[in-house]
Amino acid sequence: MHTSPICPSCCAVIGVYGGIGITWLAPLSGGAAAMCSLALFPPPLADGEVTLYESNNELVSGSSPNSYSMQEWDPPSLHFPRELLKPHSRPESSSKTAFLDHRDTLWMRSAAAWRDTGLTGVLDEITHSVEEVPKWLGVSAGCILAVLRLASSFHGSLFPHLTLSNMDMVAEFSQVLDWSDCTVRAFAWHPHTDKFAVALLDDSIRIYNSKSETTPTLKHRLQRSVAALQWKPLCASALAVACHTCLLVWHVDPTSLSTRPSSGCAQVLSYPGHAPVTSIAWAPSGSILVSASPVDTAMLVWDVAAEICVPLQRVGGGGVTFLSWAPDGGRLLAATPSALFRVWETWMWTCERWPCLKGRCQSGCWSPDGSRLLFSVQGERVIYALTFNDALGGPKDAAIVADLSDTTFNSPDGDIIIGGEVQSLAWDPRGERLAVLLKGNKMTEGRPAVIAVFKTRSSPVFELLPCGFVNGEAGAEPRLMQFHPRFKHGALLTVCWSNGKMSHVPFYFVSAGAVQPNPLPHLAGQTVDHSSHQLYTIL
C-alpha cells in the first residue's frame, strides 16, 4: 500500500477483486474522505507541560494536572505504583511442586489436559503414562503426537505467531502498548454509568464506582494475563474478562459493600484450543458475547447464561486477534494475525473478507451510526476508512483519511519526531474526536509514543481535522486510552501512562447534532483544594 505523503487532491484506495487486494490512486469525489496529515498539527508541548483540556477548539496545558478547577463530574486520577504490584512469577501449573505428591487418575489428568490444551495435551499425557496404559496405546499416542507436532511445525512456518508463548502472544496482539511491562493491562468504562474497571499487573481487577466509596477487588485462580475487559451493556453488574486460558464473566452487585467478591461470583467459560483469549466484544444489546484467540480460526459466540457457544469458523487468517462491534449492532470487525480481516454482518452472520497488502489489521473503531469503520494496518503509517451503505451493497474500497508519516517538530528540548505505526484507535461516542495512539520508538531518542487527537466531520464529506497532541507528566508515555461513553459536555479521554498514573482529559465542545446542547462548564485558571471534593455527581 502507498504510505508516503499523498497530494490532498487524491488518495490511495484498496479494492477487492477476486479476493486480492488492489491498490490504485483515485481522486476524491464529493462523498469521499479528505486526508489529514500530522504536519498540520500544532507543535507538541514542552517536557513538563501537561494537557489539561480542550476549550474553544484548542488544547490547554498547565504545569500539573491540578492547574485548573476540576468539575463535579471529574473521575479520580489514580496512581498504581509498580512496586506495590507483584506479577505472578510462575504459571499455575508449576505450583504443583509446592505440594505433596498426589497422583490423579489418568482419566482425570486427561480431562484436565483436554480442557487446557486440547487433543495434543491428551496424547502427551497418555504418552508419558506408560505404566497406566497398554503398550500399544502409548506407542500409538506417541506416533500421532509426533505427526501432529510435525504438522504444527509446518503450520507455524505459515503463521509465525503460533511459535510464541501465550504471554508473548497476548503482548503482541494487545491494544495496550508494551502490555507485558505495563502496570495497567486493561481498562473499561461502564457503558451507562460513571463506573470503570482496571486490570493490573498482578492480575487483580479493581472497580471504581461514583455511587460507592467501596472499591471491589476481583481475584480468581484462572484470572491470569488479562488482555481485555468489557462491561455487559444494559446490565449493572456483568464484566467480561479475557484471560490466559479462559473467559471469565464476573457478576458484581453494585450495591454490595464487599471489597473482595468471592470467586463464586465469576462464570468460567472455556473451549478447547481457544486460549489465550486476546479480545472480547459484547453485542450492543447485551444478548451475546464474542471471544477471539490468535490460535483459533473460529470466533466463539457465547450464550453466557447457558454457558454454551457456537464457533464461527472461516478458513484463512491463522486465528482472530481483535474484535470491535459497531454501535448499531449490525457489523463486527474481526482482525486476524495475517494480512486480512473480516467484517461480519450480524443478522445472517455472513462476512466480507478484506485483504491487506503489507500486514495485519492492528486496530479499528466504528462511527456512532455504524456506517463507517476506521482501521490501521501493521507496517503502515496511515488510517483507512471503510464506508458501508446497505443500499449500494457495501463498500468497494478503503480510503486513506490520515497520513501519519514522521513529522519533525522543533521544541525547547530539541527536535521531536512524531509519527509512525498505530497501536490503537478510539472514537468518542458522539463521533467528533478521534484519538490515535502512535507507537513511537523507545530505542530512539526523540521518538516517544504519543496520542494524536483529530476532530472528525461527517458532512458534507467525511474528513479528519487536526486537534493536538495529548501530553502527560515528564517522562511518561501513553499506554492505553478509552473515551467515556456518556460524557455530556463533549468527550472525555481516559489515558493510562507508563508511570502507572491514570488521567482524564476533557474535550469541551457542543456537538454538531445537539438539539439542546448542555452548557459547557466554566473553567477557571486557579488551583483549588480537592481534599474534600466529591469525585462524581451522584446520579
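I started with the second largest pocket (an open set of points on a 1 Å grid over the protein atoms alone, with protein on both sides within 12 Å along at least five of seven lines). I found 47 lining residues (those with an atom within 4 Å of a point), with Q230, S324, W325, Q482 and F483 nearest the pocket's centre. This is a predicted model, where local features need pLDDT of at least 70, side-chain atom pairs count only at pLDDT 80 or more, and totals for chains, interfaces and linings use all residues. Numbering runs from 1 along each chain as its sequence is written, and side-chain values use heavy atoms, with hydrogens and water left out.

I noted a volume of about 1,400 Å³ for that pocket, taken as the space filled by probe spheres set on the points, which are joined across faces, edges and corners.

Next I checked which elements give two or more residues to its lining: β6 (184–189), β10 (228–231), β14 (279–282), β18 (322–325), β22 (361–366), β28 (422–427) and β32 (478–483). These strands are DSSP runs of E, at least two residues, numbered from the N terminus. β6 gives the most, with 5 residues.

I split the pocket lining into 32 nonpolar, 13 polar and 2 charged residues; Ala, Val, Leu, Ile, Met, Phe, Trp, Tyr, Cys and Pro count as nonpolar, Asp, Glu, Lys and Arg as charged, and the others, Gly among them, as polar.

Then I looked for cavities (sets of points where a 1.4 Å probe fits but cannot get out) and got 2 of 30 Å³ or more. The largest holds about 90 Å³, and its lining includes K195, W231 and D253. I logged that lining as 6 nonpolar, 4 polar and 2 charged.

The second largest cavity has about 40 Å³, with R314, R342 and W344 among its lining residues.

Definitions and conventions:
Helix = DSSP H or I, 4+ residues; strand = E, 2+ residues; numbered from the N terminus.
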